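Here are my notes from going through this one, as promised. Have the model open while you read.

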Amino acid sequence: MASWIYPKLDIDENKLAKAVIKNVPASIRDLYNVCKAIRGMKLNDAKQFLNNVLEEKEALPFWKHSHGASHRSNISPKWKVKSGRYPKKAIKYVLKVLENAENNANSKGLDLENVKIVHIAAHKGIILKRYMPRAFGRSTRKYRYTSHIEVILGEV
């Protein structure tokens, strides 16, 4: 099995905690916007924001892949974007990888109050290709897209 290669950062390895989840059955388009929204936030603030989006108290802004996303009244003006959505499946997996990274930071002895999301990214995963039988002996392609999520937490 291949090893995961994290990006090189100019921060001491003892101050970093890393986590990755592979082959997540969530849309890369939703994951891109979730990752962009929480990049650079403190860990507790990011988890609170994502939980607010899950409860639909606040909408997640969509910068890219926003075609068809309607304007939401509950988007904060700090985002400078009016269109948004509530990508619950993507947020569920991002919260899972943040929890893994938080546990790694705790085991390394980092101060969890001062931990910040230094790097978070979503990448395309494998595509599971299947065929679905149709009428008159024909078939239709049926693709299942997956994604990878990587997180690096750093102590501020």
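Which residues lie nearest the centre of the largest pocket? Keep in mind that this is a predicted model.

1. **The pocket.** To answer that: Ala26, Ser27, Ile28, Tyr145 and Thr146 lie nearest the centre, out of 13 residues that line the largest pocket. The space inside comes to about 220 Å³. Looking at where the lining comes from, α1, β4 (115-133) and β5 each put in at least two residues. β5 has the largest share, with four residues.

2. **Ala26.** This residue sits in the loop between β1 (16-24) and α1 (28-38). Is Ala26 buried or exposed? Its relative accessible area is 5%, and the cut-off for buried is under 20%, so Ala26 counts as buried. Setting aside residues up to four places away in sequence, Ala26 touches Leu31, Lys89, Ala90, Tyr93, Tyr145, Thr146 and Ser147. Two of these names, Tyr145 and Thr146, also appear among the residues nearest the pocket centre. If you want a feel for distance, pick Leu110: 84 residues along the chain from Ala26, with 30 Å between the two C-alpha atoms.

3. **The ends of α1.** At the start of the helix, a side-chain oxygen of Ser27 comes to within 3.1 Å of the backbone nitrogen of Arg29. Past the other end, Gly40 follows α1 and has a positive phi, near 90 degrees.

4. **The buried side of α1.** The buried residues here are Leu31, Asn33, Val34, Cys35, Ala37 and Ile38. When you look at that spacing, remember that an α-helix has 3.6 residues a turn, so residues three or four places apart point the same way. What do the buried residues of α1 pack against? Their partners are α2 (43-54), β2 (60-61), α3 (88-108), β4 and β5.

5. **Glu150.** Please take a look at this one, in strand β5 (residues 139-155). Glu150 is buried but has no salt bridge. The nearest side chain of opposite charge belongs to Arg39, 8.5 Å away. What the Glu150 side chain does have is a polar contact with the side chain of His123, at 3.2 Å.

6. **Around Glu150.** Not counting neighbours within four places in sequence, Glu150 is in contact with Trp4, Ile5, Tyr6, Pro7, Ala19, Val20, His119, Ile120, Ala121 and His123. His123, the polar partner, is therefore worth displaying alongside the others when you check this spot.

Methods. Residues numbered from 1 in each chain as written. Predicted model: local features only at pLDDT ≥ 70, side-chain atom pairs only at ≥ 80, totals over all residues. Heavy atoms only, no water. Buried < 20%, exposed > 50% of the residue type's maximum accessible area, 1.4 Å probe, protein only. Contact = heavy atoms within 4.5 Å. Lys, Arg positive; Asp, Glu negative; His and termini not counted. Salt bridge = Lys/Arg side-chain N within 4 Å of Asp/Glu carboxyl O. Polar contact = N/O pair within 3.5 Å; in protein donor to acceptor, adjacent residues only side chain to side chain. 1 Å grid on protein atoms, 1.4 Å probe; cavity = no way out; pocket = protein on both sides within 12 Å on 5 of 7 lines; lining within 4 Å. Points joined across faces, edges and corners; volume = space filled by probe spheres on them.
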